[in-house]
Amino acid sequence: MRFWKSIHSKKTPNQRQDEFPEELPVGEPKVGEAVRHLSRRDFFRWSGLGFAVSLATGCDTKKSEKALALLQGQEGQVPGTDLWYSTTCPGCSAGCGAVAKVRDGRPIKLEGNPEDSLSHGGLCPVGQAQVRSLYDGGRLRTPIMADHEAHWADLDRDLVSRFADTKGGNVRVLSGSLGPSQRRAVQAFLGGFKDGKHVTYDALSQSALAEAYERTHGQRLVPAYQLAKADLIVAVEADFLGSWLNPAGFGREYASRRNADAHMSRHIQVESVMTLAGSNADERIRVAPSEAAAFLEHLCSAIEGGTPIRVLDANGKKKAHEIAEALKEHQGRCLVLCGMNDVHAQIFTARLNKALGNEGNTVELARPSLQKQGDDAAVRALIAEMAAGQVDALVVLGANPAYELSAFGFKEAYAKVKLRVALSTMPDETAFASTHVAPDHHGLEAWRDAEPVKGRYRVSQPLLNPLFGTRDASESLLLWAGAPTTAQAWVKSTFALFTSGKTVGFASWDELLQKGGVDLDLPASAPIYKEDRSRTQSEWAALKAESAEYELRLYAKGGIQEGRDAFNPWLQELPDPITKITWDNYAQLSPATAERMKLAQGDVVRLKAKGLADLVLPVVIQPGLHDKAVGVALGYGRTHAGKHGTGVGGDAYPWLGADRHALEVSPTPQKVELACTQDHHNMEGRELVREFALAGYLKDPASARPIDGGVGSPVQPSMYTPHPKGPHHWAMVIDLSKCSGCSSCVIACQAENNIPVVGKDEVRRKREMHWMRIDRYYTGNEQDPQVVHQPLMCQQCDNAPCENVCPVVATVHSEEGLNQQVYNRCVGTRYCANNCPYKTRRFNWFNYDHEDVVERLVLNPDVTVRSRGVMEKCSFCIQRIQLSKATAKNEGRELKDGELKTACQQSCPGMAIVFGDLLDPNSDVAKALSDPKRYQVLGELGVAPAVNYLSKIRNVESAAPASGGHHA
Amino acid sequence: MQMRTVLLTGFVSAALSLLVLVVTVNGRLLGDNSGYKPVQPIDYSHRVHAGDNKMDCQFCHLGAEKGRHAAIPPVSTCLKCHEQIKNKPNTKEPSAEIAKLHRAVKDGKPVEWVRIHRLPSFVFFNHSRHVNSGVACQSCHGEVQAMDTVEQAKAHTMGECLACHREQNQKAIASGKRPAAPTDCSACHY
């Protein structure tokens, strides 16, 4: 067997898993850990009531129902139709341009804006999940003062007088990276105090990157990296596709160069844990967390000359030299990335990019990224000040330092500040530790702006009236500063300042709102390299090599990231792209380490280090991990994260800091069952993903053609009469070379199709409801494997095995090639799911929770909310197909290719998914079908799936380890 | 058998027999609400507007050609005319019914109409496709322009939908055109 999915499946390849091992469950689902019991007495009570109600109303089917129309109609608004507004994704500081679908006054879907010059139309899972965060029922609804709900007027009166008392004192604002308007509001607020200072931090800090450029180029900046221009990418501990800087934008640029037929780029990843970026690499080199900086030093020496101070093992040295040679061959067209918050590693990276002539090409310094403005040194200074009792008032804006800065001792120092004001959206750790809480709008309710890259201005407009009694943070700050204004006017004035004296290229504010932003061609000059090398050299030499038996590597997951959206159940239930585990973090160990320590998956271990509280986590055995590395995700173990996020996983933030690599791992007698979506999707060793080396493919593209079941294979005679054909035949092609596995599509599908969250316990029982999943296969040996990601949804088979086993004809074929699932006919026999070779059908074991009046606002009214006992699956976004067809017919024209996009296709940062009409020979999907790399999963069964895949091409010379096409 | 199972079985069979009773007593399919004629909060006459004054249906129900829902118009639509017309027809006596509109605006409270036509939540009917294909409103809603108080004139059952779609397709085939009225499940159910 060449491809394998987990250690378990590799060791016991033929063990089949019963998909439905339990009897029909009775009761209610447990979402998160909350349990609701129905007592016997309650059962009688409710059934009695139900019987009485059905008697009273059953004889008359004409139940009276009210229909309330608006008092004042709005120009252009037609009930039941969508309005699309451009905005900026509020998910993180990347500021991706987005468009929001607003239905009857409420945003229900966020999509990337294809015209945005930074994200180019992709959106990451966090962005896709923002609509769910907006409608979270646990958001702050009123101001809080002295632990009690308060009125705005009282809060303002109290704060204004308190701020007046501290006019001569020290006032600080601590925030995450902000947009221009909020930065201005903070300045305006602080202007009123004798000593006011704004300190910025990022939970996933890249402060060292900015500091490195200050030392090498004399200017504190984060470069804007141009991945699309790089023929060779060498990334060191940088998960640029999952959590580093701008994953959606990077994802689009990266994938644009992963085309085997058009000058494919090469990607080498050097890392200690298996990250999403690493899983996509052509070549992946494992290093210990403490060796990564040394590896960069060796690269530097190999390119610039000189003798490295640190020692690498023989293999590391050899690899560093190989990579250095490759980099030299691609001068000016390569790119070295480093994600470590370690100033020396970043200085080496800056030197490398300088020496290789990448500055001005793939590394943009003149117009740098403004994403990570955080300054760790300033944060340390602030906390020292606070601890010494020198800060009179601290205002926290759009951040959760009480949770994220525990390693710096923030919480203890915070308690020493007399006046603690939190401008939060959620009742989070910081809000609970504050004296005053002024609830802020969610980003989709607010006037905001962003400047993720210098000169690229992005604006957000509110998509609905605020749901709760919140107020925009800028408005609060300006009000307290005695200069009240509206957030809209404030953003407008920022834009005027931003563009004054410059050519904007268009006329009005309205046009800006329509476009969502503007790119200004600001005159700029790049800073010049002027490093004090002797300082770096002496500092680096003075640092002790801190290798230990086990070294901690903290990382962020693509869904949970730094943990700010931990209350969002969509993101909690999103399987990690690599481990496929939901609702948890864990200690990742390499297979060899786990074997040596006699630990199995799910065994609970205790991580110990001097001066830190123990971290108790279950073990996950992760192929590809360095044997010394212990990988732990940040963003978990929150104490105040709503009903879904509180208490999920363990908090690794106290362990943050480059000086705390060494740790001790000791087993405990406990064992837990992780909520993993992996093993039950076992594909029994059949050839489901195909992979080829670029060199061989370019020599003979036809070699990628599948042997059977694909193009050119003989059509098997069928005993059934063919389905009648309509005007369209919908089909999909997924390019495995472009799919990074980021899982944006999974959340997009969840938002579009009203997919419920089932909770940790139900995922353990393999009852997750996602219509699309991403299967992750390993190739090669388990210490150092390569990875292929494969999105899998209903394959819409033409000869669908599910259809002919349904006793009630609830799943039938449409004349447009779709495999239709008719909910109102389904009686839940689950025969179809048992007969589906792809295991893409999902069964509603319960009536999943849609009862919260706020949270249900996120539901898409174009898709039925399924009830208990009903089977469901991917519909190819039939609601979008129907809407597009109706629009085209209403306008008296044919449907244009590309006008209709499924939710997964639209969200994909890599543009890996092509969808369209097979009967239109000029459609992208019809063209993609003639690609020699095209194959069908399980095509040999003769089920004729409408979803096709393009084999993964890895940019490697030789066919090993992935020989492609054949079983070992 | 467990107590719970006995009770459940009893409960389910009672409910089923009730269902059978309802279907047979009424002599019609579930979901067939034809004849439903509730009292509305405003005694609004479609006969006066659409019949006597020959107003186009879509003057008020403007969603019908643009979207899924024909929709009950907002009060502001009524006031396009009734800002001026405040009296009973052909008199100088103020109409108490029209006054309700003005009161609604003054109080900021929408009019609570009683909904007549309703499809189950798993059915998606798009008005715009039908209106733009030339299907008259009356084909499904009856002679609304003759009704003082609106009632559901026809049964909105799947059988009715399919009968019409099939008829249209037969006609299209007979005249050599491509049948365009879909009969796939996913035309309405998703």
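Q: Let's start with the smaller task of listing elements: how many helices and strands does chain B have?
A: In this predicted model, chain B has 8 helices and 1 strand. Reading along the sequence gives the pattern α-α-α-α-α-β-α-α-α.

Q: What share of chain B is buried?
A: Here a residue is called buried if 20 or more other C-beta atoms lie within 10 Å of its own. Of the 190 residues in chain B, 17% are buried. As for its contacts, among those with a separation of 6 or more, 60% join residues 24 or more positions apart.

Q: With one strand in chain B, which strand does β1(B) pair with?
A: Look across to the other chain. Strand β1 of chain B, residues 112-114, pairs with β2(A) in the antiparallel sense, over 3 bridges. To find one of the partners on screen, take L68(A): its bridge partner in β1(B) is E112(B).

Q: How do I read the rest of that interface, and how many residues of each chain are in contact?
A: Begin with the two sides: 38 residues of chain A are in contact with 45 residues of chain B. Next, ask which elements contribute. On the chain A side, α2 (40-58), β2 (66-68) and α28 (878-890) each supply at least two residues. The largest share, 5 residues, comes from α28(A). Finally, sort by class: the chain A side has 16 nonpolar, 16 polar and 6 charged residues.

Q: Can the same steps be used inside one chain? Into which domains is chain A divided?
A: Yes, and the domains are a good place to begin. Domain 1 covers 144-200 + 374-453 + 455-519, domain 2 covers 221-369, domain 3 covers 548-676, and domain 4 covers 679-716 + 724-954. Take domains 3 and 4 of chain A, whose C-alpha centres lie 31 Å apart. Between them, 19 residues of domain 3 are in contact with 19 residues of domain 4. On the domain 3 side, α21 (569-572), α22 (591-596) and β29 (675-676) of chain A give two or more residues each. That side divides into 11 nonpolar, 5 polar and 3 charged residues.

Q: Why is helix α7 of chain A described as largely enclosed?
A: Count its buried residues. In α7(A), residues 207-217, 8 of the 11 are buried, so the helix is largely enclosed by the rest of the structure. Among the buried ones are L209(A), Y213(A), R215(A) and H217(A). Their cover includes β10 (222-225), α12 (343-355), β15 (363-369) and α13 (376-387) of chain A.

Q: Which residue follows α7(A)?
A: That is G218(A), and its phi is positive, near 75°.

Notes:
Residues numbered from 1 in each chain as written. Chains lettered and ligands numbered in written order. Predicted model: local features only at pLDDT ≥ 70, side-chain atom pairs only at ≥ 80, totals over all residues. Domains from an automatic or database assignment. Contact = placed C-beta atoms within 7 Å. Helix = DSSP H or I, 4+ residues; strand = E, 2+ residues; numbered from the N terminus. Nonpolar A, V, L, I, M, F, W, Y, C, P; charged D, E, K, R; others polar. Pairing = 2+ DSSP bridges. Buried ≥ 20, exposed ≤ 12 C-beta atoms within 10 Å, placed from the backbone.
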